[in-house]
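Hi there,

Here is the structure I promised to pass on to you. Please have it open while you read the notes below.

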Amino acid sequence: MVPASEVVKRNNSSSNRVEMVNGSKPVINGASIVKKDSASSRKITKSTKVRDSKQLPPVEELKVLPSDEGFSWANENYNSAQRSIDVWSFVISLRIRVLLDNAKWAYYGNFSEEKQKNRRRKTASWLRERVLQLGPTFIKLGQLSSTRSDLFPHEFVDELAKLQDRVPAFSPKKARAFIEKELGAPVDILFKEFEDQPIAAASLGQVHRAVLHNGERVVVKVQRPGLKRLFDIDLKNLKLIAEYFQRSETLGGPTRDWIGIYEECATILYQEIDYINEGKNADKFRRDFRNVKWVRVPLVYWDYTASKVLTLEYVPGVKINRLDMLDSRGYDRSRISSRAIEAYLIQILKTGFFHADPHPGNLAIDVDEAIIYYDFGMMGEIKSFTRERLLELFYSVYEKDAKKVMKALIDLGALQPTGDLSAVRRSVQFFLDNLLSQTPDQQQTLAAIGEDLFAIAQDQPFRFPSTFTFVIRAFSTLEGIGYILDPDFSFVKIAAPYAQELLDLKQTQRTGTQLVQDLRKQADDARTYTVTMPYRVQRIEEFVNQLEAGDLKLRVRVLESERAARKATILQMATMYTVLGGTLLNLGVTFSSQGSQFIANGSFVGAGVFFTLFLRSMQRVKKLDKFEKMI
């Protein structure tokens, strides 16, 4: 949600004096609601260029946002039973659509990948519209799902990413009443001026411009009324859905931590509707960049902030993807693209506190080409332990050592240490060889690398934490912005100094005591191997003698044969389900024609059950085929 260039400039003729209410400054809950003198405020914040109103972006027509009045979830007293019915009907409909998309027999004529892609696009479009109809909870979950290419088809991910721009606003009357309820005073007393028309709306709230009594311009972020109750109802149903997914083999239950994903999403949703937490995030983010003059973060006005209302400094700017406006002001697009990536590298590698949703709507350019960040509800944090493991992963990737990469991934919790990881090791080694053996003109984009990673994860015991997926998605988004701004953009060139710094750090750490310890360990290993070598040779001879004498038998498992036998068994059961289903269907038709409707209905239900089992069997066969191709 950003107060970007499409907002209307208000013609302010107000002075900087503080207006008096009943002969004194307004006071709410014992605290003055008038912001402290701006001079004192500037002492505690990073110095910025003085904004001349003539330098602000040009005025455009204020965009009239659609209203949420026509949506059932906009009613604060929504019936929980009806809501549960709506949620489950959506989930069942989606499940049936996905099954039909993946079933080859469900296509007219011959099946082809192009037909399947077209049908998946239609399903993805339907999904986006249904998510919008279901309201804030599912809109936010859809936006979160657009970061999980490892879990959902890319058609779904691309379509869900469009939810950023199509969110209806709620009425000004509701907004004013909500602000009064949260801050304890009418809007006209709190603010000298308040715009009823919101300048932006998102899944969880909307933004209005206002002017304080001391003349300072602010934006007021107001949460949607009744959001907490709606979350409680929806998340209760979503927990049941996650448990069902976890038990379902066709939905990757054994290899996907659906319950963990649900818990992460629930935590993120509840954190995002706590505006006190968002205000703290903004303060922390601003402190992290206090010495970086080309990054700007709005100041929080805590006297006008509550758990569901957040008041921030009004920092307008040009959206980072508005090339025409950037060019008309003579901004250096190449420098802006480099700074966007560099700012994120600082967040990931140095501060460990990063913006988890840096899409173009949350990034703008100020008059001095500084990058303005908005919306701090969804932030990520990389703990020191995790950062150390990520550094080990980086070093292992640089060395192209698949075993070390796997160990680092296991330590990070991104790889499950199952019995046989040889297939995983081959996949990782293949990825390393192809990624690091490219010439500079063959460098893959981060988005392509992320898709490769997630493609490997689909049939392997990978479980990427949400932090990892947020980082990958954020870098992919920023890289896309970089290419829009500058056709010659290169992520590798920008990241190279940071990568070199990390490698130099490792070399520094290996000096002195660490180097002596490594040499001692190598000497101990060499001595151990030398001493034990004759014993090992003797053991090999004993095994060979036992084999020749028939005292030792080897049991060899032919995994290909086992998989073929398992596939044959599943196909046999599918055939039986088809025969039984067809028989019951014929019986149902016969009894129905004879007037025995009750028995006919029972036969139809039984036929439906067997046909469902048949579909499930075919899904399992498809999964086996896919696994065989993988290995």
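What follows is a short tour of the charged and aromatic contacts.

Before you dig in, please keep in mind that this is a predicted model.

**Salt bridges**

Side chains of opposite charge can pair when their charged atoms come close. Searching the whole structure turns up 17 salt bridges. Here are some of them.

Let me begin with Arg83 and Asp234, whose side chains meet in a salt bridge at 2.7 Å, N to O. This pair links distant parts of the chain: Arg83 belongs to helix H2 (residues 80-102) and Asp234 to helix H8 (residues 227-247), with their positions 151 residues apart. Are these two partners buried or exposed? Arg83 has a relative accessible area of 1%, under the 20% cut-off, so it counts as buried. Asp234 is buried as well, with a relative accessible area of 0%.

Next comes Asp196, which forms a salt bridge with Arg176; their closest N and O atoms are 2.7 Å apart. Asp196 sits in the loop between strand S3 (193-194) and strand S4 (200-201), while Arg176 is in helix H6 (residues 172-183), so this salt bridge ties together parts that are 20 residues apart in sequence. As for accessibility, Asp196 is partly exposed, with a relative accessible area of 33%. Arg176 is also partly exposed, at 24%.

What about a pair inside one helix? Arg286 and Asp283 make a salt bridge through their side chains, at 2.6 Å from N to O. Both residues lie in helix H10 (residues 275-288), 3 residues apart, which is about one turn of the helix. Both Arg286 and Asp283 are buried.

There is also a network of salt bridges, and it links Arg128, Glu129 and Glu159.

**Aromatic rings**

How many aromatic pairs does the structure hold? The count is 12. If you would like a place to look, try the cluster in which ring pairs link Phe285, Phe289, Tyr373 and Phe376.

**Charges over rings**

Two contacts bring charge and ring together. The charged end of Arg119 sits over the ring of Tyr107, at 3.9 Å from the ring centre. Likewise, Lys284 places its charged end over the ring of Phe353, 5.1 Å from the centre of that ring.

That is my list for now. Happy browsing, and do write back with any questions!

Best wishes

How values were computed. Residues numbered from 1 in each chain as written. Predicted model: local features only at pLDDT ≥ 70, side-chain atom pairs only at ≥ 80, totals over all residues. Heavy atoms only, no water. Salt bridge = Lys/Arg side-chain N within 4 Å of Asp/Glu carboxyl O. Helix = DSSP H or I, 4+ residues; strand = E, 2+ residues; numbered from the N terminus. Buried < 20%, exposed > 50% of the residue type's maximum accessible area, 1.4 Å probe, protein only. Phe/Tyr/Trp six-rings, centres within 6.5 Å; stacked < 30°, edge-to-face > 60°. Lys NZ or Arg CZ within 6 Å of the ring centre and 35° of its normal.
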